[in-house]
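Biologist: I have a model open on my screen and would like to learn how to read it. Could you walk me through its features one at a time?

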Amino acid sequence: MKLRIAGAVAVLSLVALAAFERPLAQSDLPTAKPETVGVSSKRLERVKAYIQDYIDTNQIAGAVTLIARKGKVVHYEAQGWRYKEENQPMQKDAIFTLMSMTKPIVSTALMMLWEDGKFMLDDPISKFLPAYKNQMVLENGQLVKPARPVTIRHILTHTSGLGLAPPRPPNPATEGSVAAAVAAVTSAPPPPGPRATSLAELIERAAQYPLHFQPGERWEYGDSTDYVAVLVEKISGQSIDDFLRTRILEPLGMRDTHYNVPREKVNRVSAVYRPLENGTIELFRKPEFREPTFGRGVAGLNGTAGDYFKFCQMLLNGGEYNGHRLLGRMTVDMMFSNHIGTGPGKRVAVRGDGYGFGLGGAVLTDPAKAPDALSIGTWSWGGAWGTVFWIDPVEELIPIMLIQITSYSHFNIRPLFSVISSQAVVDSLADQKPRVMGYETPK
């Protein structure tokens with residue numbers, strides 16, 4: 001009888017613990033009434049109406065949106081469906097596939113090691129990856145020596161020329177010569193075989209391929225952040241998964257951010273949808289447990305809006321959140337600076353005009369050209385399945401929108417969310433001295 005009672009108590013304790021842990025993901029965020037931080041409650045109502053219109057017209061299934069200002073969350077809303085086919089409503093603590101919103105977190109990890117004095121930003125990556133010491137560059141269908149080595153700064157800014165596959169010919173007419181040039185220094189691309197079992201193995205295999213362009217001469221979105229992640233592993237001696245968990249996620253209280261979502265949290269994962277030609281959506285991937293895979297830099301993390309806010313607020317605070325300092329303020333200033341310059345080949349095409357690129361994220365450099373209604377110095381990025389965030393250091397504003405759709409190029413839901421967020425800021429410009437990258441902004 002005692003054993004039965006003890007067993008029942010244990011079960012009830014687990015149930016109570018689960019019930020406690022779930023709201024904890026929402027209740028530990030700093031909140032405030034909007035007007036106390038210069039935001040209009042009435043204007044915030046437009047956010048809900050904006051998202052609801054996309055749901056009502058079946059362009060998205062659901063969304064979680066979060067807006068914070070001056071360190072306080074003033075809007076946190078779940079709308080629509082987490083899993084529409086099963087009538088599962090969206091919840092604030094829904095877990096989303098973050099895709100490329102993994103990149104800023106992984107880049108932050110490498111900057112933490114930079115602060116430890118482990119490397120210079122302009123050190124060649126071959127210092128840690130010897131297989132990349134004698135790479136050639138594919139240029140006009142010919143293999144030439146690189147003008148400069150691929151550096152750590154290059155991989156943080158997507159100007160490396162690296163790729164996990166052979167370069168593609170710029171046009172079909174040169175396909176034969178490109179193939180011949182690549183074959184001259186590499187073995188033929190291997191037939192499909194066993195998948196890489198680690199990030200290091202994946203990177204090692206790709207060392208045979210020539211660079212797509214001269215390092216530093218172009219901005220090209222691709223595989224560079226996988227090289228960032230493997231350097232974290234080489235320098236720290238930990239897997240990228242372990243490093244992020246122990247050095248970033250746990251200190252910041254990001255309890256629901258994982259490379260591999262635990263089985264017990266699958267019932268919080270958002271389904272993924274894809275657009276149809278008629279503008280509506282259909283199910284692409286249902287929520288289910290997936291076998292664990294090794295962590296990467298380009299994508300792979302899953303998480304909640306509340307968790308990602310903590311990461312963003314840490315950067316906006318100059319590297320500290322809730323008593324845990326991950327970076328120094330001057331390091332964050334470096335990350336929020338444009339490191340790629342301007343000119344031909346330097347357009348950050350994924351984000352649009354008016355943007356440069358910092359260390360791990362895009363930097364808004366010209367509000368007159370940018371699609372987003374935010375300030376100079378805003379640091380941001382998004383994921384391939386619709387997730388997006390911005391950190392505006394002038395207005396101390398953090399908008400986050402999480403949706404799950406395999407393509408969003410057919411509508412402007414992301415840039416318009418920056419508008420619908422910033423329009424709610426209503427405090428006066430008088431007596432404000434906004435600063436970007438450590439300097440007063442021009443007025």
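Modeller: Happily! Let us start with a term: a pocket is an open set of grid points with protein on both sides within 12 Å along at least five of seven lines. Keep in mind that this is a predicted model.

Biologist: What volume does the largest pocket have?

Modeller: The largest pocket here has a volume of about 810 Å³. Its lining takes in 31 residues, and those nearest the centre are Tyr 259, Asn 260, Thr 293, Phe 294 and Gly 300. By class, the lining divides into 16 nonpolar, seven polar and eight charged residues.

Biologist: And how many cavities of 30 Å³ or more does the structure hold?

Modeller: A cavity is a space where a 1.4 Å probe fits but cannot get out. This structure holds one of 30 Å³ or more, and the largest cavity has a volume of about 40 Å³. Its lining residues are Ala 61, Gly 62, Trp 81, Arg 82, Met 90, Ser 270, Ala 271, Tyr 273 and Gln 404. Five of these count as nonpolar, three as polar and one as charged.

Biologist: Let me step back to the whole chain. How many helices and strands are there?

Modeller: The protein chain has eleven helices and 18 strands. Of its 443 residues, 50% are buried. You can also look at how far apart in sequence the contacting residues are: among contacts between residues at least 6 apart, 68% join residues at least 24 apart.

Biologist: Now a single helix. What span should H7 have, and how far apart are its end C-alpha atoms?

Modeller: Helix H7 covers residues 224-236, and at 1.5 Å a residue its 13 residues should span 18 Å. The end C-alpha atoms are 19 Å apart, which agrees. Just after H7, Gly 237 takes a positive phi of about 80 degrees.

Biologist: Why is H7 described as largely enclosed by the rest of the structure?

Modeller: Here we need the cut-off: a residue is buried when its relative accessible area is under 20%. Eleven of the 13 residues of H7 are buried, so the helix is largely enclosed by the rest of the structure. In general, an α-helix has 3.6 residues a turn, so residues three or four places apart point the same way. In H7 the buried residues include Ser 224, Tyr 227, Leu 231 and Ile 235. Among the elements that cover the buried residues of H7 are helices H3 (102-115), H4 (152-157), H6 (199-206) and H8 (240-252).

Biologist: Can loops be read in the same way? Is Ser 100 buried or exposed?

Modeller: Ser 100 lies in the loop between strand S4 (96-97) and H3. It counts as buried because its relative accessibility is 9%. Its side chain makes a polar contact with the side chain of Lys 103, at 2.7 Å. Beyond its neighbours within four places in sequence, Ser 100 is in contact with residues including Tyr 221, Val 298 and Trp 381.

Biologist: Last one: which phi values should I check in residues other than glycine?

Modeller: Check the positive ones. Lys 70 has a phi near 50 degrees, in the loop between strands S1 (62-69) and S2 (72-83). Asn 87 has a phi near 55 degrees, in the loop between S2 and strand S3 (88-89). Lys 70 counts as partly exposed, at 38% relative accessibility, whereas Asn 87 is exposed, with a relative accessible area of 57%.

How values were computed
Residues are numbered from 1 along each chain as its sequence is written. This is a predicted model: local features need pLDDT of at least 70, side-chain atom pairs count only at pLDDT 80 or more; totals for chains, interfaces and linings use all residues. Side-chain values use heavy atoms; hydrogens and water are left out. Helices (H or I, at least four residues) and strands (E, at least two) are DSSP runs, numbered from the N terminus. Buried means under 20% relative accessible area, exposed over 50%, partly exposed in between (1.4 Å probe, protein chains only). On a 1 Å grid over the protein atoms alone, a cavity is a set of points where a 1.4 Å probe fits but cannot get out, and a pocket is an open set with protein on both sides within 12 Å along at least five of seven lines; lining residues have an atom within 4 Å of a point. Grid points are joined across faces, edges and corners, and a volume is the space filled by probe spheres set on the points. Ala, Val, Leu, Ile, Met, Phe, Trp, Tyr, Cys and Pro count as nonpolar, Asp, Glu, Lys and Arg as charged, and the others, Gly among them, as polar. The expected span of a helix is 1.5 Å times one less than its number of residues. Contact means heavy atoms within 4.5 Å. A polar contact is a pair of N or O atoms within 3.5 Å; within protein, one must be able to donate a hydrogen and the other to accept it, and residues adjacent in sequence count only if both atoms are side-chain atoms.
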